[in-house]
Amino acid sequence: VDTISTFNHNYDIDLAEGIRLLTTKEISWKNIVVENLWFLSGDTHIGLLKKHECKFWDPWADESGKVPSAYGNFWRNFPIHDSEGKAATCDQVRWALEELSRNPMSRRLVVSAWAPGNAHNSKLPPCHALWALNVQVDTRGEQRLNLHLTQRSADVALGVPYNIAGYALLLELFSRFS
């Protein structure tokens, strides 16, 4: 596929002014919500998406309807080794929410979908590789939760409008639980 490539392009969106979407095509808010709820569930089966007629992940699902490389799978079940060196998983979303409540000024609020063992061999390695949460104190002394998304690759016309809205939704959800 021909691409136009740039490296390290950054932009800020102040959600206090509302969500700004790139409107290169029709955007389905329902699909944004359903997809992000699916991510947050950690499920690899596309049943929830199918139930709500969201077809984003259909091409990547295997014959049983599973997408092993789904973002939520790694958000909720990231492969690690436990204290004894045995294979285990880490629920990054739960940890980030708990840490945000315990220590809102933490600089460790990072959720990664990039598991090298998966990403190096996957048909679809994660495009939005990781996201970090950070609390900043504004000029009035109030805490504001921020989210920074790092993308390995981005389809500006197809994916970025959905990524902007989806991560704005995640930020809103996390801000309500912190």
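**Exercise 1.** Determine how strand β1 and strand β2 pair, and over how many bridges.

Solution. Begin with the two segments: in this predicted model, β1 covers residues 78-81 and β2 covers residues 87-90, where strands are DSSP runs of E with at least two residues and helices are runs of H or I with at least four, numbered from the N terminus. The strands pair in the antiparallel sense over four bridges, and two strands count as paired if DSSP finds at least two bridges between them. One step further in, Ile80 stands opposite Ala88 in β2. Finally, five residues lie between the strands of this hairpin, and Gly85 takes a positive phi near 85° there.

Residues are numbered from 1 along each chain as its sequence is written. Because the model is predicted, local features need pLDDT of at least 70 and side-chain atom pairs count only at pLDDT 80 or more, while totals for chains, interfaces and linings use all residues, and side-chain values use heavy atoms, with hydrogens and water left out.

**Exercise 2.** Work out the order of the strands in the open sheet, and say which of them are edge strands.

Solution. The open sheet has three strands in the order β3-β4-β5, with antiparallel pairing. Its edge strands are β3 and β5, each of which pairs on one side only. Next, take the joins in turn: three bridges connect β3 to β4, with Val111 having Trp131 in β4 as its bridge partner. Strand β4 (residues 128-137) and β5 are paired over nine bridges, and along this pairing His128 stands opposite Gln151, Leu133 opposite Leu147, and Val137 opposite Gln143. These two strands form a hairpin with five residues between them, and Gly141 in its turn has a positive phi of about 85°. As a last step, neighbouring strands of the sheet are turned by 15° against each other on average, direction ignored.

**Exercise 3.** Describe how helix α1 packs against helix α6, and which residues make the contact.

Solution. Two packed helices are described by the angle between their axes and the distance between the axes. Here α1 (residues 29-41) and α6 (residues 160-177) pack at an angle of about 60°, with their axes 10 Å apart; axes are lines fitted to C-alpha atoms, for helices over the stretch in contact, and angles run from 0 to 180 degrees between N-to-C directions. That makes α1 oblique to α6, since angles under 35 degrees count as roughly parallel, over 145 as roughly antiparallel, 65 to 115 as roughly perpendicular and the rest as oblique. The contact (heavy atoms within 4.5 Å) includes Trp29, Ile32 and Leu40 of α1 and Tyr162, Leu169 and Leu173 of α6.

**Exercise 4.** State how confident the predictor is, and which element has the lowest mean pLDDT.

Solution. On the pLDDT scale, the predictor's confidence in each residue from 0 to 100, the protein averages 91, and 97% of the residues score at least 70. Among the elements, helix α5 (residues 116-119) has the lowest mean, 91, and strand β3 (residues 110-112) the highest, 98.
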